[in-house]
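Work through the exercises below with the coordinates open. Each task is followed by a stepwise solution.

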Amino acid sequence: MSETHLELTKVGIEFPTPKGPFRALQDVNLKIEEGEFISLIGHSGCGKSTVLNIVAGLYGATEGGVLLDSREVDAPGPERAVVFQNHSLLPWLTAYENVELAVDQVFKKTKSPAEKKQWIEHNLKLVHMDHAMHKRPDEISGGMKQRVGIARALAMQPKIMLMDEPFGALDALTRAHLQDSLMEIQKDLNNTVIMITHDVDEAVLLSDRIVMMTNGPAATIGEILKVDLPHPRDRLALADDPTYNHYRSEVLRFLYEKQRKVEH
Amino acid sequence: MNPLKWALVEPFYKLIIGEDRKGQLNLLTKMLGLPLVGLLLFLLIWQGASTHINTSLGQFPGPVQTYEQFISLNQEADEAALKEAAFYQRQEDRNAARMEQDPNYEPRVREYVGPPTFFDQIYRSLVTVMSGFILASIIAVPIGIVIGLSANAYAAVNPLIQIFKPVSPLAWLPLVTMVVSAVYVTDDPMFDKAFLNSMFTVLLCCLWPTIINTAAGVATVTQDLKNVSQVLNLSWWTHVRKIVLPCSIPMMFTGLRISLGIAWMVLIAAEMLAQNPGLGKFVWDEFQNGSSNSLGRIMVAVLVIGVVGFVLDRGMLLLQRAVSWDKSVALR
């Protein structure tokens with residue numbers, strides 16, 4: 001077994017509210033190896049995004065902590081790139097310029113202007129956006145925006161990529177295309193990824209492990225499911241695969257039997 | 001291609017090539033016909049009303065008298081230009097003659113000092129208003145950005161803004177006058193004191209709308225974009241330059257346009273009181289002059305003030321359109 005890349009130890013967080021502190025997370029423990037693809041799944045409001053934001057450094061944990069390569073995470077940084085749910089591209093910059101902003105920041109001193117240009121174009125090509133790289137976000141579709149968001153994260157050459165429901169706002173077909181693109185990229189780059197999702201198929205298709213979270217408040221990790229399917233995976237071939245369907249029903253059982261969402 | 005110009009030309013062009021004649025005529029009626037009808041009605045009412053108003057300086061000027069005064073102001077300006085040219089010509093001739101007699105003679109060049117013409121006054125007013133406006137913007141935009149970024153700074157500055165914003169700048173004028181005459185003491189003044197008085201008064205009233213709107217613009221930066229900035233570890237300066245500024249430009253320009261509009265209104269009053277050369281002083285002098293032409297000339301000034309104010313606002317609008325990234329928003 002290889003060394004632990006990212007480690008969450010007894011992570012908990014409380015948010016102050018007018019009615020007193022609200023405990024969102026409690027005792028979250030997770031070890032992730034390099035090159036692993038992890039999905040976080042759970043009902044909405046269970047604190048998936050909070051976990052991601054703590055790893056990103058956007059929130060500080062109330063107790064416990066996060067280690068990345070044995071160094072404590074206490075602030076945001078480009079080595080933990082985030083792909084945001086609603087793409088978060090700067091609307092006044094083109095796709096190219098959006099990636100450029102990240103590249104200029106991360107490779108300020110290490111790449112020459114020509115190398116930067118090549119690197120930006122390389123990453124836009126990876127997500128199949130090289131044909132529209134000089135278009136602004138309002139000129140391209142939602143799926144394309146998210147591709148640019150992924151290119152921006154990839155271009156930071158992060159140690160770990162954090163994806164916050166990256167395909168949640170897209171229609172089913174576009175989502176499938178982007179999942180295929182993501183698998184293709186993973187085959188080459190083998191990034192470490194934590195992805196939040198509420199889509200069971202997406203989780204089983206993409207992940208090496210699925211982390212299922214209990215309902216909040218004081219949410220924590222309920223079960224972890226190891227998905228032992230060989231890469232590369234093909235959605236059509238897997239549709240009738242009994243192992244795939246077994247994993248799928250495991251996740252469904254967790255979500256709809258053990259952690260049935262109680263609507264208030 | 002300028003969409004403004006195009007919108008004006010298009011219907012004529014289509015009319016000529018015979019495309020959708022009826023639609024183009026309808027469009028032209030809306031674009032040109034209705035404003036013309038409004039203008040015509042206004043002129044009729046003005047003409048009708050003015051014949052019924054008699055003042056101690058004669059009848060209230062109607063459109064015709066106003067136009068006559070405009071022509072006479074033009075003539076005066078032409079005559080003044082001729083006089084000036086003649087003055088310099090005489091001076092040159094005189095110097096040339098002296099040089100011929102005595103090669104060592106150093107020619108002296110005196111500047112022409114005649115009374116300012118109406119058009120000089122317009123120019124002076126524009127210089128004053130733009131100086132005050134630009135200086136105010138240079139001060140107000142950074143303040144707006146800082147208080148927009150920091151809730152604490154906003155809480156500290158906001159009460160001051162709320163209190164000073166409604167103050168008529170003319171209330172400041174006496175104070176500004178006293179401070180300028182006390183502080184600006186020099187043997188060789190670069191600026192006229194009356195100019196500084198009006199300029200600072202304009203400046204004081206330009207600050208507030210720009211500060212408030214810039215701060216509001218900065219507040220439109222969403223948490224998502226702030227997160228991007230944090231993940232990228234952008235420095236404060238890069239964050240402001242790359243994210244905050246572009247995001248707040250539409251609101252900032254709204255503030256700048258309001259400021260310039262107020263500045264132009266305030267300037268006229270400030271010039272009257274500070275006796276700074278400009279349109280305000282022109283109006284005041286004509287009022288004091290009390291000739292039978294005075295009211296007509298004041299009416300010309302009123303219309304010119306309106307037109308200049310309109311042109312200034314259009315200029316700001318074009319600038320705003322040019323720098324705004326969000327072209328989908330109709331700016332008017």
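A residue counts as buried when its relative accessible area is under 20%, as exposed when it is over 50%, and as partly exposed in between. The model used here is predicted.

**Exercise 1. Classify R23(A) and describe its salt bridges.**

Solution.

Step 1. Take the accessibility. R23(A) has a relative accessible area of 19%, so R23(A) is buried.

Step 2. Look for acidic partners. R23(A) forms a salt bridge with E14(A), at 3.2 Å from N to O. R23(A) also forms a salt bridge with E63(A), where the closest N and O atoms are 2.7 Å apart.

Step 3. Place the second pair on the chain. R23(A) sits in strand β2 (residues 22–33) of chain A, and E63(A) in strand β4 (residues 63–68) of chain A. The two residues are 40 apart, so this pair links distant parts of the chain.

Step 4. Classify the partners. E14(A) is partly exposed, at 33% relative accessible area. E63(A) is partly exposed too, at 31%.

**Exercise 2. Find what the salt bridge between E36(A) and R209(A) ties together.**

Solution.

Step 1. Check the geometry. The side chains of E36(A) and R209(A) meet at 2.6 Å, N to O.

Step 2. Locate both ends. E36(A) lies in the loop between β2 and β3 (37–41) of chain A, while R209(A) lies in strand β9 (residues 209–213) of chain A. The pair therefore ties together parts that are 173 residues apart in sequence.

Step 3. Test for burial. E36(A) is buried at 10% relative accessibility. R209(A) is buried at 15% relative accessible area.

Step 4. Return to shared partners. Salt bridges join E14(A), R23(A) and E63(A) into one network.

Step 5. Note the total. Over all chains, the structure holds 17 salt bridges.

**Exercise 3. Characterise the contact between chain A and chain B.**

Solution.

Step 1. Count residues. Chain A gives 20 residues to the contact and chain B gives 15 residues.

Step 2. Take the area. About 1700 Å² is buried between chain A and chain B, and carbon and sulfur atoms give 70% of it.

Step 3. Find the main contributors on chain A. W92(A), L101(A) and Q105(A) supply 35% of the area that chain A buries against chain B, more than any other three residues.

Step 4. Search for charge pairs and polar pairs. There are zero salt bridges between chain A and chain B. Three residue pairs are in polar contact, both residues being at pLDDT 80 or more.

Step 5. Map the elements. β6 (80–83) and α2 (95–106) of chain A each supply at least two residues of the side that touches chain B.

Step 6. Sort by type. That side of chain A divides into 13 nonpolar, four polar and three charged residues.

**Exercise 4. Why does C205(B) have no bond to C206(B)?**

Solution.

Step 1. Recall the bond. A disulfide is a covalent bond between the sulfur atoms of two cysteines.

Step 2. Apply the cut-off. A disulfide needs cysteine sulfur atoms within 2.5 Å.

Step 3. Compare. The closest cysteine sulfur to that of C205(B) is in C206(B), at 4.7 Å, which is too far for a bond.

Step 4. Widen the search. The whole structure has zero disulfides over all chains.

Step 5. Add accessibility. C205(B) is buried, with 8% relative accessible area. C247(B) is buried as well, with 12%.

**Exercise 5. Place D241(A) and list backbone nitrogens beside its side chain.**

Solution.

Step 1. Locate the residue. D241(A) is in the loop between α7 (235–238) and α8 (242–258) of chain A.

Step 2. Classify it. D241(A) has 22% relative accessibility, so D241(A) counts as partly exposed.

Step 3. Read the distances to a polar atom of the D241(A) side chain. The backbone nitrogen of T243(A) lies 2.8 Å away. The backbone nitrogen of Y244(A) lies 3.2 Å away.

Step 4. Set sequence against space. D241(A) and A95(A) are 146 residues apart in sequence, and their C-alpha atoms are 39 Å apart.

**Exercise 6. Where is E184(A), and is this residue buried or partly exposed?**

Solution.

Step 1. Locate the residue. E184(A) is in helix α5 (residues 172–189) of chain A.

Step 2. Classify it. At 37% relative accessible area, E184(A) is partly exposed.

Step 3. Take one pair distance. The C-alpha atoms of E184(A) and P232(A) are separated by 8.1 Å, with their positions 48 residues apart along the chain.

How values were computed. Residues numbered from 1 in each chain as written. Chains lettered and ligands numbered in written order. Heavy atoms only, no water. Contact = heavy atoms within 4.5 Å. Buried area = accessible area lost by both parts, 1.4 Å probe. Salt bridge = Lys/Arg side-chain N within 4 Å of Asp/Glu carboxyl O. Polar contact = N/O pair within 3.5 Å; in protein donor to acceptor, adjacent residues only side chain to side chain. Helix = DSSP H or I, 4+ residues; strand = E, 2+ residues; numbered from the N terminus. Nonpolar A, V, L, I, M, F, W, Y, C, P; charged D, E, K, R; others polar. Buried < 20%, exposed > 50% of the residue type's maximum accessible area, 1.4 Å probe, protein only.
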